[in-house]
Amino acid sequence: MMIFFAGFSISLSLIFAIGAQNAFVLKQGIKKQHVFLVCIICALSDAILISLGIAGFGVIVREYPSVEVYARYGGAAFLLVYSLLSFKSALSQTHALKPDGQLPHSALKTAAICLGFTWLNPHVYLDTMVLLGSISTQYEGQLLLFALGAISASFIFFFSLGYGARLLAPAFQNPKAWQVLEFIVGLMMLLIALVLVFG
């Protein structure tokens with residue numbers, strides 16, 4: 001069980017920071033829109049990437065650094081567009097900002113946006129495939145337990161974030177709170193995009 005908890009704690013520490021993907025999950029949770037779909041996409045994507053990393057795919061990423069370059073600039077472009085949409089939403093006076101008053105995106109559109117945040121984020125590859133993949137090498141012969149721990153952490157984190165966010169919903173009945181959230185999300189996306197390009 002120590003190896004399971006090693007995988008669990010390391011994975012949790014890597015995904016805990018509020019990044020673009022986590023901000024999107026939080027926002028969907030507050031709005032109570034397609035929460036299960038968003039959480040399951042994030043958790044399953046992590047499970048795939050963690051499995052590939054522990055299986056040795058991180059070595060391929062290190063051997064072919066162009067993969068990271070494409071992911072970095074693609075992710076930066078995606079985040080830049082999303083940040084502009086968030087700023088537009090924050091500054092719009094006609095946009096319905098109450099969670100119950102908003103017309104939700106379709107499940108397909110929500111899934112597409114969520115997949116973009118997940119698979120166009122180079123930090124995801126670094127955390128799940130390279131870092132976890134590298135750390136897992138010290139647990140040779142017990143990689144399955146380590147992987148199960150890491151994947152369990154991802155599922156628990158995303159579902160806790162998505163469904164726990166609804167506790168914040170009463171505060172977001174105020175349209176100004178939604179404007180502030182949209183602005184913060186937009187600023188966060190913009191900063192991450194700039195770090196990806198210039199960092």
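Select helix 2 (20-31) and helix 8 (175-198) in this predicted model. On the helix 2 side of their contact are Ala20, Ala23, Lys27, Ile30 and Lys31. Facing them from helix 8 are Trp178, Leu181, Glu182, Val185, Met188, Met189 and Ile192. Sorted by class, the residues of this contact are 9 nonpolar and 3 charged, with no polar residue.

Keep both helices selected and look along them. The axes of helix 2 and helix 8 lie 10 Å apart, at an angle of about 165 degrees. Angles over 145 degrees count as roughly antiparallel, and helix 2 and helix 8 are therefore roughly antiparallel to each other. Their crossing is left-handed.

Now add Ser86, which is part of helix 4. Which residues does Ser86 contact, leaving aside its neighbours within four places in sequence? They are Lys27, Glu182, Val185 and Gly186. Lys27 belongs to the helix 2 side of the contact just visited, and Glu182 and Val185 to the helix 8 side. Is Ser86 buried or exposed? Ser86 has a relative accessible area of 2%, and because the limit for a buried residue is under 20%, Ser86 counts as buried.

Zoom out to the whole chain. The protein has 8 helices and 0 strands, so a cartoon view shows the order α-α-α-α-α-α-α-α from the N terminus on. Of its 199 residues, 47% count as buried. Among contacts with a separation of 6 or more, 89% join residues 24 or more positions apart.

Next, select the residues at the centre of the contact network in the largest nonpolar core. This core has 32 residues, and those that touch the most other members are Phe24, Val25, Leu79, Tyr82, Phe117 and Met189. Two or more residues each come from helix 2, helix 3 (35-63), helix 4 (66-91), helix 5 (107-119), helix 7 (143-164) and helix 8. Which helix gives the largest share of this core? Helix 8 does, with 7 residues. A separate core of 11 residues lies apart from it, with Ala6, Ala47, Ala147 and Ile151 among its members.

Return to Val25 and show its surroundings. Beyond its neighbours within four places in sequence, Val25 is in contact with Val38, Cys39, Cys42, Phe158, Leu161 and Gly162.

Gly162 is the next stop, and it is located in helix 7. With residues up to four places away in sequence left out, Gly162 touches Val25, Gly29, Val35 and Cys39. Pick the C-alpha atoms of Gly162 and Cys39: they are 6.4 Å apart, although 123 residues separate the two along the chain. Gly162 has a relative accessible area of 0% and is buried.

Stay with helix 7 and add helix 1 (residues 2-15). The two pack with their axes 7 Å apart, at an angle of about 40 degrees. How is helix 1 oriented to helix 7? That angle makes helix 1 oblique to helix 7. The crossing of helix 1 past helix 7 is right-handed.

To see this contact, select Ile3, Phe4, Ala6, Gly7, Phe8, Ile10, Ser11, Leu12 and Ile15 in helix 1. In helix 7, select Leu145, Phe146, Leu148, Gly149, Ala150, Ser152, Ala153, Ser154, Ile156 and Phe157. The contact of helix 1 with helix 7 consists of 14 nonpolar and 5 polar residues, with no charged residue. Ala6 of this contact is also among the members of the core of 11 residues.

The last stop is the loop between helix 2 and helix 3, where Lys32 is found. His34 has its place in that loop as well. Most residues other than glycine have a negative phi. Lys32, not a glycine, has a positive phi of about 60 degrees. His34, not a glycine either, has a positive phi of about 50 degrees. Are these two residues buried, exposed or partly exposed? Lys32 is partly exposed, with a relative accessible area of 47%. His34 is partly exposed, with a relative accessible area of 28%.

Technical notes:
Residues are numbered from 1 along each chain as its sequence is written. This is a predicted model: local features need pLDDT of at least 70, side-chain atom pairs count only at pLDDT 80 or more; totals for chains, interfaces and linings use all residues. Side-chain values use heavy atoms; hydrogens and water are left out. A nonpolar core is a set of buried Ala, Val, Leu, Ile, Met, Phe, Trp, Tyr and Cys residues joined through side-chain atoms within 4.5 Å. Buried means under 20% relative accessible area, exposed over 50%, partly exposed in between (1.4 Å probe, protein chains only). Helices (H or I, at least four residues) and strands (E, at least two) are DSSP runs, numbered from the N terminus. Contact means heavy atoms within 4.5 Å. Axes are lines fitted to C-alpha atoms, for helices over the stretch in contact, and angles run from 0 to 180 degrees between N-to-C directions. Angles under 35 degrees count as roughly parallel, over 145 as roughly antiparallel, 65 to 115 as roughly perpendicular and the rest as oblique. A crossing is left-handed if the near helix is turned anticlockwise from the far one by less than a right angle, and right-handed if clockwise. Ala, Val, Leu, Ile, Met, Phe, Trp, Tyr, Cys and Pro count as nonpolar, Asp, Glu, Lys and Arg as charged, and the others, Gly among them, as polar.
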